[in-house]
Amino acid sequence: MGSYGGQQNAWCHKGPSKSTGGGAAASELRPATLAPPVPAEVWEALAELRELTGEPFSAEIERALADPGPAPGGAGFDVDTVRQLRQWSAEYQQVAIDLEAAARCCRLVEREINQRADALLSENNGRRTGQFRDRFRRTRAAARNSVAVTNSVLVPNSVPVPEPALAGLPYVPGPRSEPGPATAGPAADAPDADIAASALGPLEVHVAGRRVPRWTSLKARAVFQYLLIHQDRPIRRDVLMSLQWPDHSHNSARNNLNVALYSLRNTLDGLGQGAQPVLYRDGCYSLNPELTWWIDRNEFLAAVDDAQQAHRERRPEQVIGAYRKAIGLYRGPLFEDDGDGEWYLPEQRRLQDLYRQALEGIAEIHFRLGELADAQRFGQLALGHDPCSESSHRLLMRCYASQHQQQLVGRQYRVCVDALRDELGVTPSDETVKLFRELI
């Protein structure tokens with residue numbers, strides 16, 4: 001690894017230096033006269049850097065800070081000193097990026113191990129153990145409550161999603177459809193775009209048709225995610241600093257942001273002609289509007305809007321087409337592979353509710369059109385997304401009753417009762433109980 005490996009070992013293993021000059025206080029580093037004055041935090045940073053790395057910083061560095069001009073007697077400070085400082089800075093930044101990538105790998109492995117352990121705990125005649133069930137209840141309750149969080153700065157559009165109002169559509173008996181595939185199909189291929197980002201599910205980014213294989217900096221990815229969700233407005237630098245480095249000083253957070261943006265621009269490199277995907281103007285960052293962007297979240301929201309508009313105009317076939325497009329775009333929760341972020345959780349929950357609405361809405365329309373197989377298929381998909389969706393349980397009960405399968409009606413009702421009891425500790429609503437009694 002050469003000098004880079006040596007610097008990494010020094011960074012990782014050396015404690016505060018006890019050698020001569022290695023642990024000097026900031027006051028001891030300050031020259032007698034300053035022209036121009038050097039901020040106190042610079043001297044403190046130099047002292048801290050000495051202790052962290054154990055590097056023997058020479059008097060020429062102190063002279064360069066105090067007075068970069070010629071020294072008395074006509075001899076200026078050694079230019080090689082400045083070059084050495086720049087080299088160390090670049091190497092330490094690379095070490096930080098590599099360590100952050102290593103930490104990410106550890107988190108992914110840890111997450112997989114935890115999932116496997118949870119699966120083992122749940123293998124008790126197909127039912128969760130008491131400890132796993134309690135944890136699942138707390139997690140689901142917290143997720144349901146998060147949708148009510150008001151966060152106009154981070155996610156201005158996080159509002160509860162209304163239930164689909166489909167009662168006005170007539171029931172039109174029709175031929176029974178053949179069962180379809182388990183899912184609505186893969187998301188449509190992204191059109192020709194400078195940058196295409198799929199944020200629903202694991203984050204995938206393509207730059208000029210080339211897939212970004214990995215992120216060398218998790219902070220660079222986090223900044224990019226925030227800019228993606230707030231593509232419609234510039235983001236102040238202080239917002240990004242306080243969001244990603246809340247416990248750092250202002251200067252430290254600003255430096256970390258600069259490093260993250262440098263890594264982000266390198267990651268998104270490949271557009272040619274000096275095109276910059278991230279712009280800085282008037283103290284704000286934003287995605288370059290001159291580039292062509294394709295973001296699956298935006299396409300998903302547009303498809304849901306189209307479906308709602310078609311429903312208001314009483315055009316069920318167009319509703320089905322728009323909802324199918326939205327369902328195909330939804331690969332999973334927003335930033336599914338990011339286990340550290342919290343600011344996007346209200347928006348993640350909002351998109352999950354919209355996805356549930358699309359599944360329930362298209363299932364309801366298929367039922368009213370007499371297409372019972374498709375209604376059952378999308379109803380089952382809705383329950384796979386949310387086992388406690390009583391409206392989906394009621395839809396399946398009505399589907400079975402329409403086919404004179406009362407035994408399946410009773411089975412579906414028991415599945416609903418068990419899911420609500422095990423996961424939420426509640427009983428079915430009066431509406432569900434009344435429907436069950438009427439169908440039986």
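This briefing covers one helix pair and two loop residues with positive phi. The model is predicted. In the helix pair, α7 packs against α9 at an angle of about 85°. The two loop residues are D282, with a phi of about 55°, and R314, with a phi of about 60°.

**Packing of α7 and α9**

- Two packed helices are described by the angle between their axes and the distance between the axes.
- Helix α7 spans residues 218-229 and helix α9 spans residues 250-267.
- Their axes are 8 Å apart, and the packing angle is about 85°.
- Helix α7 is therefore roughly perpendicular to α9, because angles of 65 to 115 degrees count as roughly perpendicular.
- On the α7 side, the contact is made by K219, A220, V223 and F224.
- On the α9 side, these residues meet L257, A260, L261, S263 and L264.
- By class, the residues of the contact of α7 with α9 comprise seven nonpolar, one polar and one charged.

**D282**

- D282 has a positive phi although it is not a glycine; the value is about 55°.
- The residue sits in the loop between β5 (278-281) and β6 (284-287).
- D282 has a relative accessible area of 70%, so it counts as exposed, the cut-off being over 50%.

**R314**

- R314 is not a glycine either, yet its phi is positive, at about 60°.
- The loop that holds R314 runs between α10 (296-312) and α11 (316-329).
- R314 has a relative accessibility of 52% and therefore counts as exposed.

How values were computed: Residues numbered from 1 in each chain as written. Predicted model: local features only at pLDDT ≥ 70, side-chain atom pairs only at ≥ 80, totals over all residues. Heavy atoms only, no water. Axes fitted to C-alpha atoms, helices over the stretch in contact; angles between N-to-C directions. Helix = DSSP H or I, 4+ residues; strand = E, 2+ residues; numbered from the N terminus. Parallel < 35°, antiparallel > 145°, perpendicular 65-115°, else oblique. Contact = heavy atoms within 4.5 Å. Nonpolar A, V, L, I, M, F, W, Y, C, P; charged D, E, K, R; others polar. Buried < 20%, exposed > 50% of the residue type's maximum accessible area, 1.4 Å probe, protein only.
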